[in-house]
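Subject: Structure handover and notes

Dear colleague,

Please find below the structure I promised to pass on to you. My notes on it follow, and I would be glad if you read them with the coordinates open.

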Amino acid sequence: MSFLDFGLSEEIIHGVQSMGYVDPSPIQLRAFPVVLSGRDLIASAQTGTGKTAAFGLPILTKLAKHKAGGKPRCLVLEPTRELAAQVETAFRDFSRFSDLTVGLMYGGVGYGKQREDLKAGVDSLVATPGRLLDHLEQGSVDLSGIEILVLDEVDRMLDMGFLPQVRRIVEQCNKNRQTLFFSATIPPELQGLTQWVVRDPAIIEIGRTHSPAETITHALYPVARDQKFDLLLALLEKTDYSSVLIFCRTKVGADQIAAKLKSNKHSVVALHSNRTQNERMDALEGFKSGKYEVMVATDIAARGIDVAGVSHVINFDVPQHPEDYVHRIGRTGRAQNVGDAFTIFTGEDLEHVVKIEYFIGTKIARQKLEGFNYLYCALFASEVPGSAPKPVRRKTPASRRR
Ligand code: AMP
């Protein structure tokens, strides 16, 4: 089936085709009819499956034409500023051949432009919960005209402690709305919210929510704790990457790794929530444009971020929650592109590694980096008996960036 077979509007199909999408992805095939029919939806899908278009295209089709000076008719709530900005950009791109407008509201920046946009009237509003509540309290936004509400990445909103704020926002939305609920997993803590927020929903589950995209090659690199950074440097040196996203557990750790990589002549930037909004935007834009080949990030800042052509994800620290492993490595191999995910681990991380392997349902290959001067590491004795070194490609200049 093609984009033409669902009753999506011509302008929106034109928009999506001009972005180079040829065929709908599986979640899109299943979500389009549900969203267009007006039914509520609970959807779980792996990251990078195309869920933004799965809800965006039918929503924009339904909104059809801009209403000048009107109240917002669609609200999309996102857990992080980066995700909100990404979804807003996607909505703009999808609707570029229509006159529909979209507004973006998140914290860390001034209120002026956001208030002006609201006053002029935006058809869709993409927001993070905190800033939207500020606008509600100040009376600069009215959600009584919301026809379609999208709660995106709800499990992450739960992790970040946003559920009370989400509930307060939902209470202010029109009761006769359509609600679309997207979450990678639906843990028991979310059951109450789902029952309250959606009515008679269609359920869509795409693939096993636990399994990372099949286009990603994984490898574990055991090493002694003191050699973690040296191994990271050696991996970068020996790998033919176009852009690398490195994950650290803490913000301080991310800053330290970025500084050390910089002093080793890497073009690198850090992304985490202690940086100002301008710094975060510069980091993301710079990484997307190729100004920085390497970005060092924490989980929250990087969740769901869509950067075309991330060729490698390196976990400098093993994630403590197995689902974060799937989200982290989901930053590469997106939309059927291939990608590599390396995880550096020490003896102390073994317990987390085992949990990750259990969660994703497969064992990850242990690798030894050829030519690296390993100190003794107990893991080699038991974990990597004679493991053949993986042939890593020599680094060439950033030539493969799309
Ligand atoms: P998402 O899961 O919405 O973050 O999308 C992941 C990536 O897939 C983004 O780069 C989208 O632009 C891309 N994408 C989504 N749907 C399609 C499609 N039908 N064809 C090609 N690329 C797509």
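In this predicted model, strand β3 (residues 102–105), helix α5 (residues 112–120) and strand β4 (residues 124–127) together form a β-α-β unit that is right-handed. The two strands of that unit, β3 and β4, run parallel to each other and are paired over four bridges, and within this pairing Met-105 is placed opposite Ala-127 of β4. Strand β3 is covered on both of its faces, with Val-102 and Leu-104 buried on one side and Gly-103 and Met-105 buried on the other. In a regular strand the side chains alternate between the two faces of the sheet.

A comparable description can be given for strand β11 (residues 294–297), whose faces are both covered: Val-294 and Val-296 are buried on one side, while Met-295 and Ala-297 are buried on the other. Strand β11 pairs in the parallel sense with strand β9 (residues 244–247) over four bridges, and in that pairing Val-296 is the bridge partner of Ile-246. Strand β10 (residues 268–271) also pairs with β11 in the parallel sense, again over four bridges, and here the bridge partner of Val-268 is Val-294. Between β10 and β11 the chain passes through helix α12, and the resulting β-α-β crossover is right-handed.

Helix α12 spans residues 277–289 and contains Glu-285. Is Glu-285 buried or exposed, or does it fall in between? Its relative accessibility is 49%, and because the class "exposed" begins only over 50%, Glu-285 counts as partly exposed. From Glu-285 to Val-307 there are 22 residues in sequence, and the C-alpha to C-alpha distance between them is 9.4 Å.

Two residues deserve a look at their backbone angles. Ala-64, which is not a glycine, has a positive phi of about 60 degrees; it sits in the loop between α3 (51–63) and β2 (74–77), and with a relative accessible area of 38% it is partly exposed. Lys-265, likewise not a glycine, has a positive phi of about 70 degrees; its place is the loop that lies between α11 (251–263) and β10, and at 75% relative accessibility Lys-265 counts as exposed.

Finally, there is a pocket to consider. The second largest pocket has a volume of about 370 Å³. Its lining is made up of 20 residues, and those closest to its centre are Arg-156, Asp-159, Asp-299, His-321 and Asp-324. Three elements give two or more residues each to this lining, namely α7 (154–159), α13 (299–302) and α14 (322–329). Sorted by class, the lining of the second largest pocket consists of three nonpolar, seven polar and ten charged residues. Where does the second largest pocket lie with respect to domain 1 and domain 2? Since domain 1 (3–206) and domain 2 (216–399) both contribute residues to the lining, the pocket lies between them.

With kind regards

Technical notes:
Residues are numbered from 1 along each chain as its sequence is written. This is a predicted model: local features need pLDDT of at least 70, side-chain atom pairs count only at pLDDT 80 or more; totals for chains, interfaces and linings use all residues. Side-chain values use heavy atoms; hydrogens and water are left out. On a 1 Å grid over the protein atoms alone, a cavity is a set of points where a 1.4 Å probe fits but cannot get out, and a pocket is an open set with protein on both sides within 12 Å along at least five of seven lines; lining residues have an atom within 4 Å of a point. Grid points are joined across faces, edges and corners, and a volume is the space filled by probe spheres set on the points. Ala, Val, Leu, Ile, Met, Phe, Trp, Tyr, Cys and Pro count as nonpolar, Asp, Glu, Lys and Arg as charged, and the others, Gly among them, as polar. Domain bounds come from an automatic or database domain assignment. Buried means under 20% relative accessible area, exposed over 50%, partly exposed in between (1.4 Å probe, protein chains only). Two strands pair if DSSP finds at least two bridges between them. A crossover is right-handed if, with the strands pointing away from the viewer, the path from the first strand over the helix to the second runs clockwise.
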